[in-house]
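Welcome! Take a moment to turn the model around on your screen, and then let us walk through it together.

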Amino acid sequence: MKKILEVCCGSLTDVIHAVEGGAERIELCTALSVDGLTPSTGLTEQVRRMFPTLLLHVLIRPREGCFVYNEEEKEVILRDIRHAVAVGADAIVSGALTKEGDIDIPFVRRMIEDCGACPLTFHRAFDVCRDPLHALLVLKELGIGRILTSGQQLTAEEGIPLLRQLVRVAEGSPIIIPGGGVNSSNVQKIIRETGVHEIHGSCRNGTASTVTTEVAKILSLINF
């Protein structure tokens, strides 16, 4: 099975560099310094216009901080989901937890409904849930297509033991996508030791000009 690299892009410049490196799928966001926030509708529209065949996954996260949202914030999330779908997103990336650290099941159901035919990836809120294996089963039952996770560690490489377990329990649905500190020096190890087929990384090595090179390098390494 062909391995897939999803490149996390925090600006239009990032998207351009990623595509130049050969990326076929991106996660679009802003504010990478706080682990990503919802991109503007204008940015999403421009990326869709410039790259009509690019697989465009759009992060919906209204603010930095925890993933427990009040009703007003939930309405913002739902509006942003609908806008992203309307301007051509191929998938939505979002998530929410209860104050106890469990999946916010009623709200995730609402998100899925507002995504329509657009699949929903549950983002790294998963990494702070209190029981990851139970959370996986909940998300599986809800019909979530993918889970983006570092295996509840600072980096995906450190999270390999849990990632391997999640892949085994998920049995291909949802798809487990390791993210967090993924780079050309560790991507083969992560894939080999977890059995994943999709990988997520920002491919940043200090300057924007290196994104293209890093994307190309990772792509050359993942189908070994």
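Helices (H or I, at least four residues) and strands (E, at least two) are DSSP runs, numbered from the N terminus. With that in hand, here is an example: helix 7 is followed by G195, whose phi is positive, near 80°. Before we go on, please note that this is a predicted model, in which local features need pLDDT of at least 70 and side-chain atom pairs count only at pLDDT 80 or more, while totals for chains, interfaces and linings use all residues. Residues are numbered from 1 along each chain as its sequence is written, and side-chain values use heavy atoms, with hydrogens and water left out.

## The whole protein

The protein has eight helices and eight strands. Its C-alpha atoms fill a box of roughly 40 × 40 × 30 Å, taken along the principal axes. The radius of gyration is taken over C-alpha atoms, and the globule rule is 2.2 Å times the number of residues to the power 0.38. For 224 residues, a compact globule would have a value near 17 Å, and the 16 Å of the protein agrees with that.

How much of the protein is buried? Buried residues make up 50% of the 224 residues; the word means under 20% relative accessible area, with exposed being over 50% and partly exposed in between (1.4 Å probe, protein chains only). A contact means heavy atoms within 4.5 Å. Among contacts between residues at least 6 apart in sequence, 65% join residues at least 24 apart.

## Two helices with a buried side

Which residues of helix 4 (residues 105–115) are buried? They are F107, V108, M111 and C115. Seen down the axis of helix 4, these buried residues fall within an arc of 100°, so they line one face of the helix. The arc is that of the directions from the helix axis to the C-beta atoms. The face turned away from the buried side of helix 4 carries the exposed residues P106 and E113. The cover over the buried residues of helix 4 includes helix 3 (71–86), strand 4 (91–94), strand 5 (120–122) and helix 5 (132–142). After helix 4 comes G116, with a positive phi near 60°.

In helix 7 (residues 187–194), the buried residues are V187, I190, I191 and T194. They cover an arc of only 95° around the axis, which puts them on the same side of helix 7.

## Pockets and a cavity

Now for the empty spaces. On a 1 Å grid over the protein atoms alone, a cavity is a set of points where a 1.4 Å probe fits but cannot get out, and a pocket is an open set with protein on both sides within 12 Å along at least five of seven lines; lining residues have an atom within 4 Å of a point. Grid points are joined across faces, edges and corners, and a volume is the space filled by probe spheres set on the points.

The largest pocket holds about 650 Å³ of space. It is lined by 27 residues, and the closest to its centre are D35, G36, R124, G180 and H200. The second largest pocket has a volume of about 170 Å³. Of its 14 lining residues, G172, I175, I176, G195 and H197 are the closest to the centre. Helix 6 (160–170) and strand 7 (175–178) are the elements that give two or more residues to the lining of this second pocket.

The largest cavity has about 30 Å³ of space. Its lining consists of G101, D102, I103, C129, R130, D131, H134 and A135. One of these residues, D102, is found in the loop between strand 4 and helix 4. The C-alpha atoms of D102 and C129 are 27 residues apart along the chain and separated by 5.6 Å. Leaving out residues up to four places away in sequence, D102 touches A96, L97 and R130.

The table sorts each lining by residue type: Ala, Val, Leu, Ile, Met, Phe, Trp, Tyr, Cys and Pro count as nonpolar, Asp, Glu, Lys and Arg as charged, and the others, Gly among them, as polar.

| Space | Nonpolar | Polar | Charged |
|---|---|---|---|
| Largest pocket | nine residues | eleven residues | seven residues |
| Second largest pocket | eight residues | three residues | three residues |
| Largest cavity | three residues | two residues | three residues |

## Details of the backbone

A cis peptide bond joins S173 and P174, with omega about 0°. P174 sits in the loop between helix 6 and strand 7.

A31 is a residue other than glycine with a positive phi, near 55°. A31 lies in the loop between strand 2 (25–28) and helix 2 (41–50), and it counts as partly exposed at 29% relative accessibility. Q152, which is not a glycine, has a positive phi of about 60°. The place of Q152 is the loop between strand 6 (146–149) and helix 6, and its relative accessible area of 25% makes Q152 partly exposed.
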